[in-house]
Amino acid sequence: MSTLENELVAAIRNIPDYPKPGIMFRDITTLLGNPRAFRRAVDELVHPYAGIGIAKVAGIEARGFILGGAMAHQLSTGFVPIRKKGKLPHETVRIAYSLEYGVDEMEMHKDAIKPGEKVILVDDLIATGGTAEAAVKLLRQIGADIVAACFVIDLPDLGGRKKLEALNVEVRTLVA
Ligand code: PRP
Ligand code: ADE
């Protein structure tokens, strides 16, 4: 494991049986509250994407907003929120998806990205990949060119990375 990965792993808190028995919840609030770990995670997430014409970072509610806002600032791009249903005021595209522990719907504004714009998708964690797969479909529906999908944490046993790679999305994760 690299020193960065070690540092990030140490900064993430694991909570057994949350929100349901059998789930080991990876709590990134401790990483976000650690100034050095937060900066190092964001720096590492963005570094391949500086100066290559990225127009937007799209973050998945809720934890993808925190990372995505910081990444967009660092890359001098716009930020696009992909939200749980019913939160966005203008015309949206919407999709249903299933999670490690439930089902939900997400949406984004139809005009948030212009066709052909280069986009980085971000969330804190990829588990089954259901959430990220749905976000990829929404982004492509409005014509986004997805350059990569980035996550701090990969839970490889749940197969999310493979699901995105099967959609021809480059996946970048910092900690497994
Ligand atoms: C978590 C996490 C990802 C998703 C990953 O969000 O932040 O968005 O689960 O799971 P998947 O790869 O199996 O789809 P959650 O749905 O708990 O929502 P929240 O961030 O709003 O709490
Ligand atoms: N989302 C899906 N699975 C998760 C986990 N184990 N920890 C945190 N967020 C999650």
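Helices and strands here are DSSP runs, numbered from the N terminus. With that numbering in hand, the loop between strand 1 (13-16) and strand 2 (24-27) is a good place to start in this predicted model, since Pro 19 sits there. The peptide bond from Tyr 18 to Pro 19 is cis, with omega near -5 degrees. That loop also holds Asp 17, which has a positive phi of about 60 degrees despite not being a glycine. For context, most residues other than glycine have a negative phi, and most peptide bonds are trans.

Similar backbone features turn up elsewhere in the chain. A cis peptide bond joins Glu 61 and Ala 62, with omega at about 0 degrees, and Ala 62 belongs to the loop between strand 3 and helix 4. Asn 168, again not a glycine, has a positive phi of about 60 degrees. Asn 168 falls in the loop between helix 6 (160-165) and strand 9, and it counts as exposed because its relative accessibility is 69%, over the 50% mark.

Next comes the sheet. Seven strands make up an open sheet in the order 5-6-4-3-7-8-9, and the pairing is mixed. Strand 5 (92-99) and strand 9 (171-175) take the edges; each has a single partner strand, so one side of each is left without a neighbour in the sheet. From one strand to the next, the twist averages 25 degrees. At the strand 9 edge, strand 8 (residues 145-154) pairs with strand 9 in the parallel sense over 4 bridges. Within that pairing, Ala 149 has Val 171 of strand 9 as its bridge partner.

Helices pack on this sheet too. Helix 3 (residues 35-46) does so by touching strand 8 and strand 9, and its direction makes about 155 degrees with that of strand 9. Helix 4 (residues 63-75) also packs on the sheet, where it touches strand 3 (56-60), strand 4 (78-84), strand 7 and strand 8; the angle between its direction and that of strand 7 is about 140 degrees.

Two acidic residues deserve a closer look, starting with Asp 124 in strand 7 (residues 118-126). Asp 124 counts as buried because its relative accessible area is 4%, under the 20% cut-off. Setting aside residues up to four places away in sequence, Asp 124 touches Ile 28, Arg 63, Gly 64, Leu 67, Phe 151, Val 152 and Ile 153.

The other one is Glu 5, found in helix 1 (residues 3-11). Glu 5 is buried yet has no salt bridge, and Arg 26, the nearest side chain of opposite charge, is 8.3 Å away. What the Glu 5 side chain does reach is the backbone nitrogen of Ala 176, at 3.3 Å. Beyond its neighbours within four places in sequence, Glu 5 is in contact with Leu 174, Val 175 and Ala 176.

As for charge pairs, the count comes to 16 salt bridges. One of them brings together the side chains of Glu 7 and Arg 36, at 2.8 Å from N to O. Glu 7 lies in helix 1 and Arg 36 in helix 3, so this pair ties together parts that are 29 residues apart in sequence. Glu 7 is buried, with a relative accessible area of 19%, whereas Arg 36 is exposed at 52%.

Another salt bridge runs between Arg 172 and Glu 44, whose closest N and O atoms are 3.4 Å apart. Since Arg 172 is in strand 9 and Glu 44 in helix 3, the pair ties together parts 128 residues apart in sequence. Arg 172 counts as buried at 17% relative accessibility, while Glu 44 is partly exposed at 27%.

Lys 110 and Glu 91 form a salt bridge as well, with 3.0 Å between the closest N and O atoms. This pair links distant parts of the chain, 19 residues apart: Lys 110 is in the loop between strand 6 (102-109) and strand 7, and Glu 91 is in the loop between strand 4 and strand 5. Both residues are partly exposed, Lys 110 with a relative accessible area of 40% and Glu 91 with 48%. Finally, salt bridges that share partners join Glu 7, Arg 36 and Arg 40 into one network.

Methods:
Residues are numbered from 1 along each chain as its sequence is written. Chains are lettered from A and ligands numbered from 1 in the order in which they are written. This is a predicted model: local features need pLDDT of at least 70, side-chain atom pairs count only at pLDDT 80 or more; totals for chains, interfaces and linings use all residues. Side-chain values use heavy atoms; hydrogens and water are left out. Buried means under 20% relative accessible area, exposed over 50%, partly exposed in between (1.4 Å probe, protein chains only). Contact means heavy atoms within 4.5 Å. Lys and Arg count as positive and Asp and Glu as negative; His and the chain ends are not counted. A salt bridge is a side-chain nitrogen of Lys or Arg within 4 Å of a carboxyl oxygen of Asp or Glu. A polar contact is a pair of N or O atoms within 3.5 Å; within protein, one must be able to donate a hydrogen and the other to accept it, and residues adjacent in sequence count only if both atoms are side-chain atoms. Two strands pair if DSSP finds at least two bridges between them. Axes are lines fitted to C-alpha atoms, for helices over the stretch in contact, and angles run from 0 to 180 degrees between N-to-C directions.
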